[in-house]
Amino acid sequence: QVQLVESGGGLVQAGDSLRLSCAASGHSFSNYGMGWFRQAPGKEREFVAAITWNSGSTAHADSVKGRFTISRDNAKNTVYLQMNSLKPEDTGVYYCAADVAAGLFPRRLRQYYGYWGQGTQVTVSS
């Protein structure tokens with residue numbers, strides 16, 4: 001069993017930065033791939049970024065590439081999402097998720113992620 005708790009969301013202005021954190025409890029965090037997803041009101045939950053168990057490979061959605069960076073610290077059982085140059089269209093609830101069967105490559109599809117946090121709200125004003 002894996003429990004995930006996100007933090008770091010808030011209300012910011014366009015161009016600002018935020019760093020989201022996701023603390024994991026339970027065994028074997030260092031074995032899991034981790035991902036960030038987001039959901040805007042009235043829209044489907046979408047992929048944002050993912051990272052392999054050893055940080056050997058990352059993936060970012062085209063909409064955030066160059067602005068957002070996923071990272072992890074296995075000693076702290078935590079995964080991060082550094083978000084720079086935020087835009088109003090980045091507004092939504094951000095979820096972290098664990099991919100317990102992940103291999104050498106980060107995965108983008110929600111169906112691979114079996115554990116989810118409760119989400120943290122990010123609001124970017126123009």
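# Exercises on a predicted model

The side chain of Thr120 has a polar atom 3.2 Å from the backbone nitrogen of Gly9. Such a polar contact is a pair of N or O atoms within 3.5 Å; within protein, one must be able to donate a hydrogen and the other to accept it, and residues adjacent in sequence count only if both atoms are side-chain atoms. This is a predicted model, in which local features need pLDDT of at least 70 and side-chain atom pairs count only at pLDDT 80 or more, while totals for chains, interfaces and linings use all residues. Residues are numbered from 1 along each chain as its sequence is written, and side-chain values use heavy atoms, with hydrogens and water left out.

## Exercise 1: Thr120

Task. State where Thr120 is placed, whether Thr120 is buried or exposed, and which residues Thr120 is in contact with.

Solution.

Step 1. Thr120 belongs to strand β11, residues 120-125. Strands (E, at least two residues) and helices (H or I, at least four) are DSSP runs, numbered from the N terminus.

Step 2. The relative accessible area of Thr120 is 10%, so Thr120 is buried. The cut-offs are under 20% relative accessible area for buried, over 50% for exposed, and partly exposed in between, with a 1.4 Å probe and protein chains only.

Step 3. Contact means heavy atoms within 4.5 Å. With neighbours within four places in sequence left aside, Thr120 touches Glu6, Ser7, Gly8, Gly9, Leu20, Gly92, Val93 and Tyr94.

## Exercise 2: an open sheet

Task. Give the strand order of the open sheet of four strands, and name its edge strands.

Solution.

Step 1. Two strands pair if DSSP finds at least two bridges between them. The order in this sheet is β1-β3-β8-β7, and the pairing is antiparallel.

Step 2. β1 (3-7) and β7 (68-73) are the edge strands, each pairing on one side only.

Step 3. On average, neighbouring strands of this sheet are turned by 15° against each other, direction ignored. Axes here are lines fitted to C-alpha atoms, for helices over the stretch in contact, and angles run from 0 to 180 degrees between N-to-C directions.

Step 4. β1 and strand β3 (residues 18-25) run antiparallel and are joined by five bridges. Within this pairing, Glu6 is opposite Cys22 of β3.

## Exercise 3: the disulfide

Task. Find which cysteines form the disulfide, and describe the link.

Solution.

Step 1. A disulfide is a pair of cysteine sulfur atoms within 2.5 Å. The whole structure holds one disulfide.

Step 2. The partners are Cys22 and Cys96, with sulfur atoms 1.9 Å apart. Cys22 sits in strand β3 and Cys96 in strand β9 (residues 92-99), so the pair links distant parts of the chain, 74 residues apart.

Step 3. The link of Cys22 and Cys96 is right-handed, with 45° about the S-S bond.

Step 4. Cys22 counts as buried at 0% relative accessibility. Cys96 is also buried, with a relative accessible area of 0%.

## Exercise 4: strand β5 and its partners

Task. Describe how strand β5 is covered and how β4 and β6 are joined to β5.

Solution.

Step 1. Strand β5 spans residues 46-51 and is mostly covered, with five of its six residues buried.

Step 2. Strand β4 (residues 33-39) runs antiparallel to β5, with five bridges between them. Met34 is opposite Ile51 of β5. The hairpin of β4 and β5 has six residues between the strands, and Gly42 takes a positive phi near 80° there.

Step 3. β5 and strand β6 (residues 58-60) also run antiparallel, joined by three bridges. Ala49 is opposite His60 of β6. This hairpin has six residues between β5 and β6, and Ser55 in the turn has a positive phi of about 60°.

## Exercise 5: aromatic rings

Task. Classify the pair of Phe37 and Phe47, and name the cluster that includes Phe37 and Phe47.

Solution.

Step 1. Rings of Phe, Tyr and Trp (its six-membered ring) pair if their centres lie within 6.5 Å; planes under 30 degrees apart count as stacked, over 60 as edge-to-face and the rest as tilted. The count comes to four aromatic pairs.

Step 2. The ring centres of Phe37 and Phe47 are 5.8 Å apart and the planes stand at 75°, so this pair is edge-to-face.

Step 3. Phe37 is in strand β4 and Phe47 in strand β5, so the pair ties together parts 10 residues apart in sequence.

Step 4. Phe37 is buried at 0% relative accessibility, and Phe47 is buried at 11%.

Step 5. One aromatic cluster is formed by Phe37, Phe47, Tyr113 and Trp116.
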